[in-house]
Amino acid sequence: MAIEIPKNLDGLPTSQRRFVGRRVRRREDPALLTGRTEFLDDIKLPRMLHCAVLRSPFPRARIESLDVTAAEALPGVEAVVTGEDARRWSHPAASSPDGWGGHCLAGDDVRFVGEPVAAVAAQSRAAAEDALEAIEIEYEPLDPIVDPFEAMKPESPLVDEAKGTNKMLDRVFTWGDVDAAFDAAPHVFRESFRWNRVGANPTETFGAICEWDPMSLELTVRGSIQSASHFGLGRAAVFGLPSNKVNVIATPHGGSFGGRGGTRCTDVACLLSRKAEGRPVKWIEDRMEYLTAGGSQAWDRHYEVELAVDADAKVTGLRVKLVDDLGANGEPYGAICAAKPLAAFTGPYAIPVAAYDLKLVATNKLPSSPYRGMGPPPHFFVLEQMMDIAARSLAIDPAEFRRKNFIPKDAFPYTIPSGNEYDSGDYEQVLDRALELADYAGLRRQQVEARAAGRLFGVGVASAIEPGVFDWNAYAIVGLPGTGVPEGATVNIDILGMISVRVGFAMEGQGQYTLVSQLAADYFGCELEAVRVVPMDTQSAPPSFGPGGSRLGVAITGAVLGACEKIRGKMTRVVAGLMQTEPENIVFRDGKFGIPGVEGASMSVAEVAGTMLARSDLLPPDIDPRPEATHVWTAAGRTEPDAQGRAKSYLTAAQSVHVVAVEIDPETGQTEILRYAVVDDCGTRLNPVVVQGQLEGSVAQGIGAALYEEYVYDDDAQPLTTTYMDYLIPTVNEIPELLRDEVVTPSPFTPLGAKGCGEGAIHTTPAAVLCAINDALAPLGARAREVPATPNRVWNWIQEAGDGNQTPQGEGSNG
Amino acid sequence: MSPTRIPVRLRVNGRPAEGLAEPRTSLVDFLRDELDLTGTHVGCEHGVCGLCTVRVDGVAVRGCLMLAVQADGAEILTVEGLASPDGKLHPLQEAFAEEHGLQCGFCTPGFLMALHELIDDEPNPSEEQIRDVLGGQLCRCTGYAGILRAVQSAFAKLGASPSTESGA
Amino acid sequence: MKPAPFEYEAPSSVEEALRLLADPAIETSLLAGGQSLVPALNMRLARPERLVDLGRIEGLDAIRDENGALCIGAMATKRSIERSALVAQKQPLLHEATGHIAHPQIRNRGTLGGSMAHADPAAEYPAVAVALDAEFRVIGPSGERRIAAADFFVTYLTTALAEDEILLEVTFPERPAGEGVGFAEICRRHGDFAMAGAAATARLEAGRYQDARIVLFGVDATPVRALSQEERLRGEVPSEALHAEVAAAIGAGLEEPPGDQHASPEFRRQLARTVSKRALEAAVARAAKA
């Protein structure tokens with residue numbers, strides 16, 4: 001049946017929207033606030049065992065011998081597994097790029113510190129860790145491959161001998177006549193940048209409880225998993241099981257941000273369960289394991305960037321060369337972060353041509369994982385610094401330089417050189433609002449005074465695109481096949497008119513269960529509390545990907561409203577039959593079906609549902625009698641990527657402008673953020689408080705990435721950042737108060753005009769903070785080209801500039 | 001030889017409780033595994049993140065840095081003891097709900113218990129005192145803005161008369 | 001991470017604790033507040049066979065005035081020290097330093113004795129003890145002895161305490177009238193371990209330094225007392241230029257500042273200069289102008 005999902009808030013069948021787009025209390029909160037929500041580690045199953053993993057202390061070594069007999073014999077130990085079990089009972093994992101995945105336990109060699117080598121299932125975690133110490137293992141350490149540039153040399157030893165190279169990917173993408181643009185440009189700016197590893201760090205580490213049923217050969221996995229269906233298919237592939245024999249139950253999780261990881265050790269726990277004759281095995285990753293060996297590290301990048309600018313200060317070309325150190329394998333899909341920039345390669349600017357020279361390199365470090373924003377945060381960091389380098393060199397105010405180059409508001413939908421299409425936007429309005437909110441003119445006056453007094457005061461203006469509603473085709477260049485990311489919801493109305501919505505994803509923090517309730521309640525004209533959201537396991541759920549790529553708000557809205565529309569259609573036919581008229585004469589509004597103008601011809605949703613369920617004898621013969629419907633929403637118009645990776649991928653393009661003022665203490669290199677203003681446009685804001693929360697959270701993560709968070713390896717590929725004493729998550733005291741405002745340019749393509757916004761400000765914040773730092777350092781001729789801009793680095797840059805050690809601003813002359 | 005387990009007798013949320021613990025068992029693991037009070041969470045086990053914060057004999061402590069056996073005879077308050085038995089939320093919990101002070105909620109019990117102590121200690125805490133306490137608790141979702149709003153709202157509601165009772 | 005197994009004893013007297021410590025057959029560590037020891041146990045970096053918990057021994061946490069000197073029991077928590085009016089009045093440097101330690105949630109359990117005995121190079125209390133000429137009262141199988149702060153901190157995580165000794169109390173001698181105290185530390189985040197810090201005292205007479213004390217922490221294996229610069233200051237008029245000179249000399253005098261993820265040796269040297277200057281300036285600002 002053809003249905004039409006409302007394209008804006010007015011399309012909802014209600015005279016007074018009480019919930020969608022308004023401030024409501026979250027349904028999830030009472031259980032969370034009272035400690036009642038059941039997270040993975042809260043679950044105790046009968047006969048459950050606990051897992052501990054023995055991990056390689058070397059980044060690269062051969063395993064000479066491995067003897068687990070002493071560990072197996074310890075009281076309380078029920079099973080021990082090694083690489084032999086993994087090869088007997090499982091296949092190598094999938095990866096991106098393809099072919100860079102391995103078994104969950106090492107075989108003859110280890111390739112990164114922390115790589116699982118063996119594992120124990122015992123009565124308690126403590127006992128399992130004790131048993132690890134009884135495992136006898138001998139390694140022959142080898143020289144580790146640490147530096148990606150060295151790794152690319154033909155004479156370099158190989159991370160994976162079978163691959164014959166350390167280059168996982170080496171391609172140049174050219175979109176338009178880039179050479180011509182650069183040849184013709186009167187100004188060409190060149191700079192190199194370094195972005196160090198940072199990562200998700202949800203407060204809950206990864207965990208899974210795995211049960212292998214030896215009788216039915218079925219696998220049940222409970223876990224704090226972001227995308228349950230995807231995870232389940234992955235386990236089925238690894239264990240050679242039919243897809244309907246793997247059931248994944250995703251538990252509410254303590255944040256995710258893309259970096260939950262966990263596939264290897266889930267598979268280890270599955271092997272243990274199999275070896276323990278089907279007893280459930282619980283695997284909880286502790287924080288040290290997360291930091292050194294989990295889904296914790298992303299974006300290990302070396303950039304060389306060129307910007308071509310014409311005589312009218314218009315940017316005419318962008319070249320980005322990226323060497324991305326992905327670590328020892330592609331299993332965590334960190335490579336997709338190198339592909340996502342295609343969705344917004346040229347940012348909010350009308351840059352006509354661009355090129356991407358992309359090298360993904362294997363080294364003996366932890367395999368790189370996704371992290372919120374995927375690739376764009378570092379990509380926009382470099383693009384925005386280049387915009388500032390150009391503006392500074394041409395003596396143009398950086399805000400005005402951006403304004404000149406923005407995609408104009410009448411140009412949407414706008415296709416960028418790398419192929420994606422931006423749906424809508426009014427970038428100038430966002431810029432104007434941000435400059436006003438920040439009192440930009442006042443900040444510049446303050447800067448003049450501060451500089452006269454010799455203080456390092458800087459102002460940064462940055463703008464980025466925050467792509468929303470991802471599709472797999474965005475990652476085609478790193479080997480991910482296919483197009484289409486469906487999200488389904490089943491709406492059911494019971495005999496008393498109470499509504500249940502069955503979904504396929506677990507709670508993660510973005511308030512999606514509240515959103516589902518808001519939609520259903522406003523649609524059917526009932527109270528929020530009359531809606532129950534029911535998460536289903538993967539064998540029962542409608543098609544679902546769950547959260548990711550800033551998609552779920554839009555996708556679940558489409559799914560829920562689509563299902564509601566289907567029910568409305570059915571009920572309209574029922575009511576028409578009961579009122580002996582044609583369906584076209586029935587109107588549904590404010591929870592009631594009726595014939596306009598006919599007194600008494602009105603039925604509530606509850607009455608219709610009750611009739612359908614109790615009096616099937618009264619229904620039209622060909623109708624599906626249940627007041628229930630499933631709708632699966634998939635973004636329309638996504639295209640197959642061409643040979644240069646161009647495709648319509650991410651459906652929506654939110655945009656923001658951040659204005660940041662900082663002062664740097666030249667004695668200590670410490671950066672203080674004095675003012676932080678952000679104006680964002682993510683289309684219709686379905687739950688404004690939730691959107692604000694996502695913004696505030698992503699700004700904090702962006703500040704963490706810009707100034708505090710870093711995974712450091714020594715020259716022997718040993719991780720040095722092993723605890724929260726060294727990986728510095730910002731606390732309340734590191735985050736400034738935000739000045740905030742919003743612009744609303746609805747999307748023409750999505751349900752209710754909303755745009756994906758979950759990843760939010762992390763796209764823009766590191767760029768904005770570094771722009772401000774560079775502005776502060778400019779009078780000294782010092783430049784910040786590395787992230788995080790720690791006090792030590794900032795102080796070094798100041799010293800280098802003082803010594804005259806920094807080469808002049810990166811402009812090449814071009815005739 | 002199975003590990004020696006020592007009886008630990010204490011009071012939790014106003015009621016007597018007891019269980020067995022190895023000497024090495026942390027207080028938070030004891031609360032979660034032995035007493036089935038899983039509202040308190042574990043985030044790092046090195047004392048930095050604050051998720052495991054509970055009140056022991058009135059003071060807020062890291063549950064991961066105390067041994068269960070050290071809590072023998074102590075009076076413990078956990079997040080499960082904040083709301084009243086009939087489900088009425090403590091003003092702190094109310095404020096967090098009202099001001100969107102939580103997203104995934106995993107860090108929230110730790111914040112609530114640390115703030116619960118602050119309310120009892122300092123009816124009118126200074127900004128510095130609030131930030132000193134909050135600075136010892138990590139949140140990855142909210143960016144702290146909602147938490148600060150919740151704290152301001154809670155203290156405003158509680159005024160100059162701090163609540164010294166838990167809901168239990 | 002869960003600790004390796006250990007036995008646990010909670011004696012109710014010092015004598016009993018000493019007896020347990022002295023037993024050569026079983027490797028024993030003392031447990032005070034646990035804020036430093038338990039993370040090490042959790043990571044299996046510390047693996048004693050037995051823990052002896054001092055927490056059930058009465059009377060080890062007193063804060064008292066003894067003829068003007070301030071005596072603080074080893075088991076006094078940082079919380080009790082922070083809130084003590086006696087400490088604030090008689091030992092303002094100790095009071096100020098305490099507020100910089102971690103967060104209230106840690107200070108609630110962490111003890112004075114635990115910090116001193118653990119002797120982390122980046123900790124505040126050892127430097128404060130050296131700056132204030134504290135004296136450590138220690139008990140062992142052969143009785144009590146007193147150790148001066150200058151002799152107490154031997155090297156990285158090592159004190160003059162013998163393996164069979166227990167720290168009972170730290171005595172802070174009465175401060176001279178008119179003294180100003182200063183404290184400065186540079187951390188990545190508020191409450192983190194300092195990359196470098198300094199504790200200073202200053203007494204002025206007729207607008208000139210009569211006496212000064214500067215002790216740095218986080219820049220070497222133990223607190224570093226800048227003796228030669230303290231000498232240099234005597235008789236001088238406090239000024240920005242003087243302090244900058246002294247700070248530069250202190251920095252230059254550091255043998256080999258440690259390097260780690262947060263600060264290279266050279267950067268630490270710079271921070272040492274900065275905290276020296278700031279601590280001195282604060283001390284001078286508070287000193288009575290005679």
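Asp67(A) is partly exposed, with 33% relative accessible area, in a model that is predicted. Asp67(A) belongs to strand E2 of chain A. Residues over 30% relative accessible area that form no salt bridge can enter a surface patch, and Asp67(A) is one of the members of a negative patch. The other residues in this patch are Glu64(A), Glu72(A), Glu136(A) and Glu138(A). Two elements of chain A each give two or more residues to the negative patch: strand E2, covering 61-67, and strand E6, covering 136-141.

Charged residues also meet in pairs. Over all chains, the structure holds 112 salt bridges. One of them joins Asp325(A) to Lys365(A), with 2.4 Å between the closest N and O atoms. Where do the two partners lie? Asp325(A) is in strand E14 of chain A, residues 315-327, while Lys365(A) is in the loop that runs between strand E15 (354-362) and helix H11 (376-393) of chain A, so this salt bridge ties together parts that are 40 residues apart in sequence. Both Asp325(A) and Lys365(A) are buried.

A further salt bridge in chain A is formed by Arg403(A) and Glu428(A), whose closest N and O atoms are 2.7 Å apart. This pair links distant parts of the chain, 25 residues apart: Arg403(A) sits in helix H12 (residues 398-405) and Glu428(A) in helix H13 (residues 427-438), both of chain A. Glu428(A) has a relative accessibility of 39% and therefore counts as partly exposed.

Chain C offers another example. Here Glu135(C) and Arg146(C) form a salt bridge, and 3.4 Å separates their closest N and O atoms. Glu135(C) is part of strand E6 of chain C (residues 135-140) and Arg146(C) is part of strand E7 of chain C (residues 143-148), so the pair ties together parts that are 11 residues apart in sequence. Are these side chains buried or exposed? Glu135(C) is partly exposed, at 32% relative accessible area, and Arg146(C) also counts as partly exposed, at 48%.

Some salt bridges join into a network. One such network contains residues of chains A, B and C. From chain A come Arg55(A), Arg125(A), Glu129(A), Asp130(A), Glu133(A), Asp286(A) and Glu289(A). Chain B is represented by Glu22(B) and Arg24(B), and chain C by Arg44(C) and Arg47(C).

The cysteines can be considered next. How many disulfides are there over all chains? The count comes to zero. A disulfide needs two cysteine sulfur atoms within 2.5 Å, and two examples show why particular cysteines do not qualify. For Cys526(A), the closest cysteine sulfur is that of Cys564(A), which at 9.4 Å is too far for a bond. Cys526(A) counts as buried, with a relative accessibility of 14%. For Cys104(B), the closest cysteine sulfur belongs to Cys141(B), and the 3.7 Å between the two sulfurs is likewise too far for a bond. Cys104(B) also counts as buried, at 6% relative accessibility.

The last stop is Leu707(A), in helix H18 of chain A, which spans residues 688-708. Leu707(A) is buried, with a relative accessible area of 5%. Along the chain, Leu707(A) and Val787(A) are 80 residues apart, yet 7.2 Å separates their C-alpha atoms.

Key
Residues numbered from 1 in each chain as written. Chains lettered and ligands numbered in written order. Predicted model: local features only at pLDDT ≥ 70, side-chain atom pairs only at ≥ 80, totals over all residues. Heavy atoms only, no water. Patch = residues over 30% accessible without salt bridge, like charges linked within 9 Å, V, L, I, M, F, W, Y side chains within 5 Å. Areas by Shrake-Rupley, 256 points an atom, 1.4 Å probe, with all protein chains shown as cover. Salt bridge = Lys/Arg side-chain N within 4 Å of Asp/Glu carboxyl O. Lys, Arg positive; Asp, Glu negative; His and termini not counted. Charge placed at Lys NZ, Arg CZ, Asp CG, Glu CD. Helix = DSSP H or I, 4+ residues; strand = E, 2+ residues; numbered from the N terminus. Buried < 20%, exposed > 50% of the residue type's maximum accessible area, 1.4 Å probe, protein only.
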